[in-house]
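Open the model in your viewer and keep the selection panel at hand. This tour goes stop by stop, saying what to select and what is there.

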Amino acid sequence: MTKQTYISALKNPVFRTISKASSNLKLECYVIGGYVRDFILDRGEAKDIDIVAVGSGIDLAEEVSRLLPGKPKVSIFKTYGTAMLKSGGIELEFVGARKESYSEESRNPAVENGTLEDDQNRRDFTINALALSLNEENFGTMLDPFNGIEDLQKKIIRTPLDPNITFSDDPLRMLRAIRFATQLNFNIEKKSLEAIERNAQRIKIITNERVVDELNKILLSEVPSMGFSLLHKTGLLPFILPELVALQGIDEKEGQTHKDNFWHTLEVVDNISRTTDDLWLRWAALLHDIGKAPTKRFDKKLGWTFHAHEFVGSKMVFKLFKRLKLPLNDKMKFVQKMVLMSSRPIVLASEVTDSAVRRLIFDAGEHVEALMTLCEADITTKNPKKFNKYHANFQLVRDKIVEVEERDHVRNFQPPVSGEEIMETFNLKPSREIGIIKDAIKEAILEGEIPNEYEAAHKFMLQKGAAIGLKAEKK
Ligand code: ATP
Ligand code: MG
């Protein structure tokens, strides 16, 4: 074991306070896990720090609070034996060192008090088991029983103990392995990777909320495809997103093939991740083609078709969000809208008319920019001529969107003549006719027959009313 010291990781004065508190209580304590890992990887300012105490984590937290200016509030989680307090914008999490033993059915182990080594043994990966001493006699000494520092240098994800046991004990760790590999651009060591393949079906005992936490972290990484191809390769994906697995493969009939929509999708997700950090737009990219599996047909004249896949896909989004316990709110509606509209600008790009652009802005509303970003990311052709041509076409669409919106203001369309005014003008009670006239005005504006202005819309209303046999009481 290395005996290196890392005093520079412990510059924050709070570490000396924790050290003092632990010596007051005559117990040992260490910084462990993500903070130590990220310090060595130089991953920027930490927001949380995990402290393990050989003894009561709760007692240590309370003593630390007593010594800190302002005595910050300690939140205690009795069932887990943990405590948390905030100091200078950083969350300090305290836990007592423990030894865990697992049973088949659950990822909740039986827990007993343990030594630092016991606690390091229960950690998921060697790079997450690094501990820095906060004890006065060896402040800053690194305790690295599994060569985690070497793994950090070699960019390897590896379990401290037999990976079959580690992953079977708590199958969430399989997703964490893939998530860390993706976030850090590390490789999963061969034995650990094989153990994930072997234990993949155990992921079924993990709650969807936890699965989604990891999926979101994968999606928010720089190159999310790395995570999804690992999920695919290890056999985890069918348990999590079978809709994506169904997109994989190329069929051939009468010499005609279609593209592999799974690998295409992953490229689209990587593309969009270079231009946006918006989690939901990244979800939209991931799901934009899911309707293609159930709608795939071969037609002798047309070849492979995916008729109405956007509509079918947008319906699938709801079911998928519901199953995974993703929020069923405006975020879900946004993803649905993106999937539903994902081909609209493509159709447009060949002939950019004002009225088609007005309809696009009207239908996409505030999300028209996001939709364009998705469509641009969807260009995965390897032919540089086509690539440039498609991008240039979308640039024309973007320019036209700005031009049309400046003139016509249909982005957050408000009818220029209200329902009340239609009722008053023709002396109508609430009735079908009002809707007909309102709709006709909207259509006339979108088609460019009249400008989006009161005067023109009012005149049009009078004409339309007359045409359907209504008498104006008021002009
Ligand atoms: P990040 O916060 O960036 O996700 P982290 O390493 O801090 O990374 P946490 O989920 O905050 O991850 O967990 C803190 C530490 O607790 C980890 O570094 C690891 O040592 C341990 N840990 C967390 N989850 C597990 C698990 N399922 N099995 C074993 N150890 C775990
Ligand atoms: Mg953390």
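Start where two domains meet. Select domain 1 and domain 2 of this predicted model: 23 residues of domain 1 are in contact with 25 residues of domain 2. To colour them, use 3-153 for domain 1 and 155-240 for domain 2. A further stretch, 419-467, is assigned as domain 3. Leave domain 3 aside for now.

Next, put a marker at the centre of each of the two domains. Taken over C-alpha atoms, the centres of domain 1 and domain 2 are 24 Å apart. Now show the surface between them. About 2,000 Å² is buried between domain 1 and domain 2. Carbon and sulfur atoms give 53% of that area.

What polar links cross this interface? Ten residue pairs are in polar contact between domain 1 and domain 2, counting pairs with both residues at pLDDT 80 or more. The count of salt bridges between the two domains is two. For a salt bridge to zoom in on, select D151 and R158. Their closest N and O atoms are 2.9 Å apart.

Stay on the domain 1 side and turn on the cartoon. Which elements give two or more residues to the side that touches domain 2? They are α4 (116-121) and α5 (148-154). Helix α5 gives the largest share, three residues. Now colour this side of domain 1 by residue class. You should find six nonpolar, seven polar and ten charged residues.

Move on to ligand 1. Select its surroundings: 15 residues surround ligand 1. The closest are R37, R123, D170, R173 and R179. Show sticks and check three distances:

- R123: a polar side-chain atom lies 3.1 Å from an oxygen atom of ligand 1.
- N128: here a polar backbone atom is 2.9 Å from an oxygen atom of ligand 1.
- R176: an N or O atom in the side chain is 2.9 Å from an oxygen atom of ligand 1.

For the last stop, select helix α8, residues 190-199. Show the side chains of K190 and E194. They meet in a salt bridge, 3.2 Å from N to O. Where do the two residues sit along the helix? E194 and K190 are four residues apart, about one turn of the helix. To finish, zoom out to the whole model, which holds 31 salt bridges.

Key. Residues numbered from 1 in each chain as written. Chains lettered and ligands numbered in written order. Predicted model: local features only at pLDDT ≥ 70, side-chain atom pairs only at ≥ 80, totals over all residues. Heavy atoms only, no water. Domains from an automatic or database assignment. Contact = heavy atoms within 4.5 Å. Buried area = accessible area lost by both parts, 1.4 Å probe. Salt bridge = Lys/Arg side-chain N within 4 Å of Asp/Glu carboxyl O. Polar contact = N/O pair within 3.5 Å; in protein donor to acceptor, adjacent residues only side chain to side chain. Nonpolar A, V, L, I, M, F, W, Y, C, P; charged D, E, K, R; others polar. Near = heavy atom within 4 Å.
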